[in-house]
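Please prepare a briefing on how the chains of this model meet and how the copies are related.

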Amino acid sequence: VKPSGIVTLMTDFGLRDPYVGMMKGAILSVHGTARIVDISHHIAAGVIGQAAHILQQTYPYFPKGTVHVTVVDPGVGTERRPILLVTRMHLFVGPDNGLFWPIIEACKDAEVIHLTESRYFLRRVSETFHGRDIFAPVAGHLCQGADPLDMGPVIHDPVQLKLPEPYRKAGSLYGQIVRVDHFGNLITNIRRRDIEGFTAGGRPVVRIGDLLIEGIQTTYAGTPEREALALFDSSGHLEIAVNSGRAVDRTGLDPALTIGREVMVSRARDDGRQP
Amino acid sequence: VKPSGIVTLMTDFGLRDPYVGMMKGAILSVHGTARIVDISHHIAAGVIGQAAHILQQTYPYFPKGTVHVTVVDPGVGTERRPILLVTRMHLFVGPDNGLFWPIIEACKDAEVIHLTESRYFLRRVSETFHGRDIFAPVAGHLCQGADPLDMGPVIHDPVQLKLPEPYRKAGSLYGQIVRVDHFGNLITNIRRRDIEGFTAGGRPVVRIGDLLIEGIQTTYAGTPEREALALFDSSGHLEIAVNSGRAVDRTGLDPALTIGREVMVSRARDDGRQP
Amino acid sequence: VKPSGIVTLMTDFGLRDPYVGMMKGAILSVHGTARIVDISHHIAAGVIGQAAHILQQTYPYFPKGTVHVTVVDPGVGTERRPILLVTRMHLFVGPDNGLFWPIIEACKDAEVIHLTESRYFLRRVSETFHGRDIFAPVAGHLCQGADPLDMGPVIHDPVQLKLPEPYRKAGSLYGQIVRVDHFGNLITNIRRRDIEGFTAGGRPVVRIGDLLIEGIQTTYAGTPEREALALFDSSGHLEIAVNSGRAVDRTGLDPALTIGREVMVSRARDDGRQP
């Protein structure tokens, strides 16, 4: 795939320290006209699953030939391998700790390369900041048109990561909260297709903590202000929201412990009463 | 106006979620060499007036032909129209909810276009994220040189928004706090011209909460450390500050409720005593 | 040095207000194809030493010919001079308040220019925002290839700034915490070379507050989870960290007052007991 010259960055580094700036400098020192886009630098420290989930939903909006650098890397400096994932459309650079597993699983013709050729790295590689010293310059070289196959051997055993999947039990569908967004909306791992198959012929009823919500809306503004609603978010996942309010403060659960909490979807009975 | 290839973004999305990154991807997927600049993503959720105020003060610093995308959009997915505002120098893309009204009022030859031509949108438009699905790709096409008039019909009834204006009463000038900045400075809606006309022939005295400030300074550092002062900010608005301190914590008002609070300007009497 | 077309920005402005966006607009209005990179906008308000420390560690990662704009400027509008520092590889623009002193000291052939030629500024220069009105447009002109020597006279008395240096006393090495990063790691001003000379022939023992740490590791992950460790960070400074935890919460010191606190390094005695 021909490089687009665009590099995205996602890390758990925050924006207070100069770490992200150093990575951008290292990319631009290799390929001075790279166009660098931040996806987020506020991944929870070391939470690989959160980064994997966000990356999977975000990368398709970028043009073909984009290099995605993702650094959530609690094992930096240990034996964990630095890798490059090549799919038909995109390139991904980061540590081999499961970050890219959902994409590897979804793209059957993907190739994973163990980055071993140090001529693509900074001259001095620290033990604690491979984002700057390995992944950033590799991304710069990929933008320059370097051949991924020159960067190391193909491997067939990348680290796997299982994101939690929704499941059915006793006539209900169970999922979990995977993200709380800036607006306090609760994003679940339940997709439109999961729920559509499940609730055919009955209106869905969604429960999370103290909230019980009937029906699925299409917009926030169609519900009275301050009332809770369920809808499919812009990535096709079931979301619990409050019109002009924050759902995270309305479930009766500890807001700091909302991620991972169970969401149950049932079918309303024909007589309109709750199951 | 010839496109500059520059797109600015202002939203209330914050930087934690991938929403801003998705918008950038959608712009770059249309026009891969767009140069994208963030103005702010920390507009208070749904507060259209704050975004309108900041946009009006910021856009003139950008070059001619810049596309400004502003998304504070509590009515996303409802009947509110997506619009494009074309002035002699700049282009503005966002929801028709008043965001652009101060600019429309100020630029008499401005044209407003209702964005109806879905060939300029992403192929699948969600109900909840028009920033990514409509506004971002439209901005990309504008950078590419697409003709605004091909994007939909001209309309003459954009939603109006009245920002609060200062007024005079009983020998005093009354305005309000419209923004508290990162340094704790209080920015008012009183412009240099409002106050200069008003206080000709007498020294101004500014009151906000418990603070009473005599005279208007030109710099922060001209006042003793930790003391309050008034000055005109870099956009020509009256500002209350504390040298090497935070004015927001010194008014005796609840810091969280400072926006919207009244500021009174009087003239000192000739004998130097307060009015 | 030939301009790279890249401009870095570091300020204490935060990202909530439009100030950084205005600066970017002012740069792009001079040089529309400038590539602008944020190093950090979260320098503590007015803390020149923090910005100087970060700049010195970050700028070398950028390509030759990069213009670095640094604005931590409590004396804006007073007699303090706006300056341009030219080294063999990089250009630096900002206020003459010590920000660039560590770089001036380290680069013996550096030249400092007092920015006096107002044709390189915005037409109207405010008293309170030289970042936008002077430094940003000067950076744009430097990207365009303007000659630094046309921008004002060379000066030989830039303001000096002494960053705290580690010192030895009574058989121990004393330094201090200069930064707490996003992960809660404590970065000291003790460099690898300071400690290697000092501890030759004995294992180092590091003390900060209640923590006493033996030995220096090479990675975070080599220490049991939740345990404290010392290592050299990616810039070669001694760092105190906790594997999968936050060192700043583990010293027994007030986290808000950790910066500036003393760090002591001793040598373990040959019998392995503490000194």
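The points below cover the basis of the values, the interface of chain B and chain C, and the symmetry.

This is a predicted model, in which local features need pLDDT of at least 70, side-chain atom pairs count only at pLDDT 80 or more, and totals for chains, interfaces and linings use all residues. Residues are numbered from 1 along each chain as its sequence is written, chains are lettered from A in the order in which they are written, and side-chain values use heavy atoms, without hydrogens and water.

**Extent of the interface**
- Chain B and chain C each bring 29 residues into the contact (heavy atoms within 4.5 Å).
- The two chains bury about 2300 Å² between them, 61% of it on carbon and sulfur atoms; buried area is the accessible area (1.4 Å probe) lost on being put together, summed over both parts.
- On the chain B side, Tyr61(B), His182(B) and Ser234(B) lose the most area to chain C, together 25% of what that side buries.

**Polar and charged pairing**
- The interface has 1 salt bridge (a side-chain nitrogen of Lys or Arg within 4 Å of a carboxyl oxygen of Asp or Glu).
- Arg179(B) pairs with Asp17(C) in a salt bridge, with the closest N and O atoms 2.7 Å apart.

**Symmetry**
- A turn of 120 degrees and a shift of 0.0 Å along the axis lay chain A on chain B with an RMSD of 0.0 Å (least squares on C-alpha atoms of residues with pLDDT of at least 70 in both).
- That is the relation of a three-fold axis.
- Arg35(A) is the residue of chain A that comes closest to the rotation axis, at 4.7 Å (C-alpha).
- Only 3% of the interface residues of chain A are also interface residues in chain B, so the copies meet through different surfaces.
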